Each structure stands twice: as C-alpha cells, then as structure tokens.
Amino acid sequence: MKTRVDELLSDVKDPELKEKYRYLILTLLEKGYFPGLEGVPVIKSGISHIDGENGLLTYRGYPVQELAEYCTYEDICYLLIYGDLPLLKERVQLRNELFTKKDLPASVSKVIVEMDDNLHPMYMLSSSVLLLQAEDQECACVNDYMLNYRRGLNLIAKLPSILGVFRNKDADFAAGKEFDSFAQYCLYVFNPELAFDKNWVNVFEKILILHADHTMNNSTFSVRAVASSLASIYASIASAINSLSGPLHGGANERAIKMFEEIGSPDNVESYIEEKLARKERIMGIGHRIYKTYDPRSLYMKNKILPMVFGEDSIIEVDEEMVNLYEIARKIEQVVLEKLSGKKLYPNVDFWSGLILKAIGIEPEYFTTIFALGRILGWVSHWIEHMKIRNKIFRPEQLYNGIGTRHIILDAEEESATTNNGI
Ligand code: COA
C-alpha cells in the first residue's frame with residue numbers, strides 16, 4: 001500500500017505538500033476519517049500563514065514579531081482587512097472611523113447593563129454581538145462588499161465598548177471620551193489609570209497584535225463554517241467567540257493563571273506537573289496542534305514582553321505576588337521542556353499572556369475577552385474574505401456508528417384504538 005501511495009504522490013513536486021498529502025492518505029487508510037480534521041485543508045486563504053516546523057507565523061507575509069515590534073493595532077486591522085499596511089494618513093482615517101463607531105446603541109447597552117453579574121464575560125460578549133444585529137436589518141444581504149467592510153469595522157470598534165459597559169455597569173461607558181489610540185481605549189476598559197501610561201499601552205497593544213490571526217484555528221474555522229451558510233457577520237462572530245471560550249482554545253489563558261495560583265510556589269512545580277502527567281491530565285497553556293517547536297508568539301512574549309514587566313530594567317512596577325507567579329511559570333516551562341519536548345510540546349501563547357493581564361489588574365475570567373479583542377481582526381477579515389470567494393457550504397461527512405435501520409411496531413389493539421378514535 002505504501003508503494004502505491006508513493007506512486008500516486010510521485011507527480012507532486014512540492015516536498016511540503018507531498019508530505020501533507022501522504023499524511024492525509026495514510027490517516028484515511030488507517031482511521032477511516034480525520035479526527036479533529038487534523039491536517040485537512042478546508043479553505044484557500046491569503047490572510048495568515050504558519051510554518052509549524054520552523055516556528056514562523058506571518059500576517060499577509062509579515063512575521064508576527066516584526067508587526068508586534070513596529071506596528072499599531074490600527075495597522076494590523078488595516079493589514080488583515082485590506083491586505084497591506086496603511087500609509088500614515090490611512091492609519092489616522094481608520095483610527096477615526098473606529099472611534100466614530102465605538103459607542104453602542106442605547107437599546108443594546110441597556111440590555112448589557114442588566115445582564116447577570118454571574119454571566120461569564122465570554123458568553124456576555126457573544127450574546128451582545130448578536131444584539132447588535134438589531135441595527136442592521138439588511139444583514140442577510142452578505143454580498144455587498146463595501147457594506148461588509150463597514151460592518152466588520154463596526155464590530156471591531158464596538159467590542160471593547162461591550163466589555164466596558166458590562167464590566168463597569170455603565171451604559172454610557174467612555175461615551176464622549178477621547179483616546180490617542182485604539183489599544184489605549186481597549187486598555188481603558190480594564191484599567192483607566194494604566195491606560196494613561198504609555199508603557200502599559202505599548203505592552204497591551206503588543207498582546208493584541210500577537211493574537212490577531214492564526215490561520216484555521218477552532219474559532220476562525222467556526223467563522224468560516226457559519227459564514228459558509230451565508231449567515232450574517234453577527235452570527236459568525238458570535239460563534240467564534242463561543243468557540244474561543246473553550247479551555248482547549250482561548251480559554252486556556254484563564255486556566256493557566258489559575259494553575260499558577262494553585263501551585264503557589266516554584267518549589268511545588270515539579271511534583272504538581274508529575275502528578276498531572278501521571279493522571280494523564282493536560283497542562284494548561286502547553287502544546288499546539290500546528291507548532292512542532294516553540295510558538296513564535298509565545299517566544300516573543302517570553303523574550304520581549306515579559307522582561308518589560310518582570311525584567312531587571314523593567315519600567316513598570318509589579319508586586320511580589322506577581323513576581324512569584326512569574327517564577328512559577330518559569331519553573332513550569334523548565335520542567336515541561338525537560339519532560340515533554342520529546343513530544344514537541346512547548347508553552348503556547350496562553351501560557352504567558354495571563355501573567356501580563358493579571359499584572360494589569362484584569363480578572364482571570366476576562367482574559368479570554370482580551371484574546372477576542374485581538375482575534376476579532378482575524379475573524380472579521382476571514383468573514384469578509386469568505387464572502388468574496390466562490391462559496392461552498394461546509395458540510396463534511398461522518399462515519400455512522402449507531403443502530404441499523406429499525407421500525408416502529410404498533411400493538412394491534414393500540415392500532416385499532418387509534419384508527420377508531422380517528423373516525
Ligand atoms: N499537557 C500534557 N500533554 C499534552 C498536552 C498538554 N497540554 N497537550 C498535548 N499533550 C500530549 C497528549 O497527551 C498526546 O500524548 P500521547 O501521544 O502520548 O497520547 C500528545 O501530546 C498529542 O496531543 P493531541 O491531543 O493529539 O494534540 P492536539 O493537536 O489534538 O491538541 C491542544 C492541541 C492545544 C488542544 C493540546 O495541546 C492541549 O489540550 N493543550 C492544553 C490547552 C491549551 O493550552 N490550549 C491553547 C492552545 S493555543
């Protein structure tokens with residue numbers, strides 16, 4: 001069989017593609033289906049690209065580290081949506097447009113303020129995105145491209161406001177306030193004081209940029225799957241937020257910081273990890289489907305952003321509790337690299353990000369919403385791109401393993417009673 005597969009693949013010249021096809025054919029032969037759709041291409045897209053073997057992530061061709069180092073949130077928004085980095089004038093225009101669109105309709109903010117405090121912010125966020133549809137009665141018309149751009153920017157602009165209104169229980173949150181940048185506004189939602197410290201804005205902006213897009217991850221796949229039924233942008237983005245909330249996806253950042261807190265001290269790390277592995281449990285913030293080496297976003301966070309907060313020359317102050325959590329994280333990293341690098345498992349972006357978010361004073365249940373504030377740029381870009389392609393509704397197959405066909409056997413007496421009653 002292997003020879004036959006090799007024969008079939010002999011015409012494929014690109015070695016990377018050849019390897020991918022070989023993996024897919026062998027999986028199909030071995031398992032009969034593709035668990036978790038691993039390795040299965042479902043779309044052609046020009047937005048981002050991952051080279052998992054070499055730890056490279058690019059947005060529209062640019063390595064993510066360069067973008068995090070030199071660009072603003074508005075630049076990345078422009079790059080992902082329109083395909084190229086903006087000129088200065090275009091950046092300013094986009095910033096103004098986002099600020100013009102940022103306030104919520106009164107009917108929506110009123111509902112958000114009344115939402116139960118016990119509602120997890122991620123469910124609040126997805127529900128509120130759906131509420132925004134009320135002011136877009138034409139949302140079923142998805143093939144007006146110019147309108148789609150405006151819809152996308154409108155959602156990007158309103159996401160922080162939804163969080164600000166809910167978290168502060170203030171329907172007029174930030175109405176009429178002015179900000180220098182959109183990242184500053186996003187930080188203002190969580191910490192109005194730090195939002196006026198440019199070092200913290202810089203740190204926060206980098207985090208948003210690192211999360212902006214990541215090829216066909218679970219939430220972006222959700223956008224594409226829902227969009228393929230030609231459902232509205234509201235339906236698609238709300239699904240993506242729900243997908244992101246899961247602990248195996250964006251929800252890992254909330255769980256990772258809780259794990260650091262549970263461990264309590266660097267001295268407890270080794271035994272904690274050993275016990276977890278012995279029970280075959282997952283360590284939150286570790287591992288990735290695509291990367292077979294250190295995730296470049298995670299590496300940038302560890303080497304460039306964390307030293308800005310915890311390094312010797314840090315220009316930002318953090319307390320002892322935060323330093324302890326940072327030490328715990330570093331120890332976990334060391335133990336994981338020793339014990340799990342054979343399986344090509346490394347700390348991912350959710351492992352490190354929570355340390356910075358907690359240092360900003362953000363509650364862990366809001367961590368994944370910050371991931372969403374970054375990823376909304378990618379989700380919107382994918383939705384817009386999807387509406388331009390020759391669409392085919394996502395409708396995969398299953399291998400049925402349920403009961404064979406069977407029939408309802410009617411009791412003769414019951415049957416005649418039913419018939420008589422019918423008369
Ligand atoms: N802790 C311990 N072991 C892990 C692990 C983790 N976090 N992630 C993967 N593994 C192990 C699995 O047990 C498996 O081992 P085995 O081959 O001996 O059975 C192997 O690595 C492959 O795991 P698999 O479940 O096939 O990987 P996946 O590609 O389906 O899953 C993740 C990828 C991200 C879902 C997975 O790594 C995970 O659950 N990580 C923790 C949650 C997380 O941080 N998510 C955020 C991702 S950005």
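**A small sheet, a helix pair and two voids**

In β3, P63 is the bridge partner of T58. That pair belongs to an open sheet of three strands in this predicted model. The strand order is β1-β2-β3, and the pairing is antiparallel. The edges are taken by β1 (48-51) and β3 (62-63), each of which pairs on one side only.

Going through the sheet pair by pair, β2 and β3 are held in antiparallel register by two bridges. These two strands make a hairpin, with two residues between them. One turn residue to look at here is R60, with a positive phi of about 50°. On the other side, β1 is joined to β2 (residues 56-59) by four bridges, and this pair also runs antiparallel. Two of the cross-strand partners can be picked out by name: I50 is bridged to L57 in β2, while S48 sits opposite Y59 in β2. β1 and β2 form a hairpin as well, this one with four residues in between. In its turn, G55 has a positive phi of about 65°.

Next come the helices at the start of the chain. Helix α1 (residues 2-9) packs against helix α2 (residues 15-31) at an angle of about 140°, and the two axes are 11 Å apart. The crossing of α1 and α2 is right-handed. On the α1 side, the contact is made by V5, D6 and L9; α2 puts in K18, Y21, R22, I25, L26 and L29. Sorted by class, the residues of this contact come out as six nonpolar and three charged, with no polar ones.

As for empty space inside the model, the search turns up one cavity of 30 Å³ or more. The volume of the largest cavity is about 40 Å³. Its lining draws on two stretches of sequence: G287, H288, Y291, T293 and D295 on the one hand, and K344, L345, Y346, P347 and N348 on the other. The class split of that lining is four nonpolar, four polar and two charged residues.

Y346, one of the lining residues of the largest cavity, is worth a closer look. Y346 is found in the loop that links α16 (320-340) with α17 (349-359). Between the C-alpha atoms of Y346 and D295 there are 7.5 Å, although the two residues are 51 residues apart along the chain. With neighbours within four places in sequence left out, the contacts of Y346 are G285, I286, G287, K292, T293, Y294, L337 and S341. Two of these contacts, G287 and T293, also turn up in the lining of the largest cavity.

Open space is a separate matter. The second largest pocket holds about 410 Å³ of space. It is lined by 17 residues, of which F34, L37, P396, E397 and Q398 are the closest to its centre. By class, the lining of the second largest pocket breaks down into twelve nonpolar, two polar and three charged residues.

Methods
Residues are numbered from 1 along each chain as its sequence is written. This is a predicted model: local features need pLDDT of at least 70, side-chain atom pairs count only at pLDDT 80 or more; totals for chains, interfaces and linings use all residues. Side-chain values use heavy atoms; hydrogens and water are left out. Axes are lines fitted to C-alpha atoms, for helices over the stretch in contact, and angles run from 0 to 180 degrees between N-to-C directions. A crossing is left-handed if the near helix is turned anticlockwise from the far one by less than a right angle, and right-handed if clockwise. Contact means heavy atoms within 4.5 Å. Ala, Val, Leu, Ile, Met, Phe, Trp, Tyr, Cys and Pro count as nonpolar, Asp, Glu, Lys and Arg as charged, and the others, Gly among them, as polar. Two strands pair if DSSP finds at least two bridges between them. On a 1 Å grid over the protein atoms alone, a cavity is a set of points where a 1.4 Å probe fits but cannot get out, and a pocket is an open set with protein on both sides within 12 Å along at least five of seven lines; lining residues have an atom within 4 Å of a point. Grid points are joined across faces, edges and corners, and a volume is the space filled by probe spheres set on the points.
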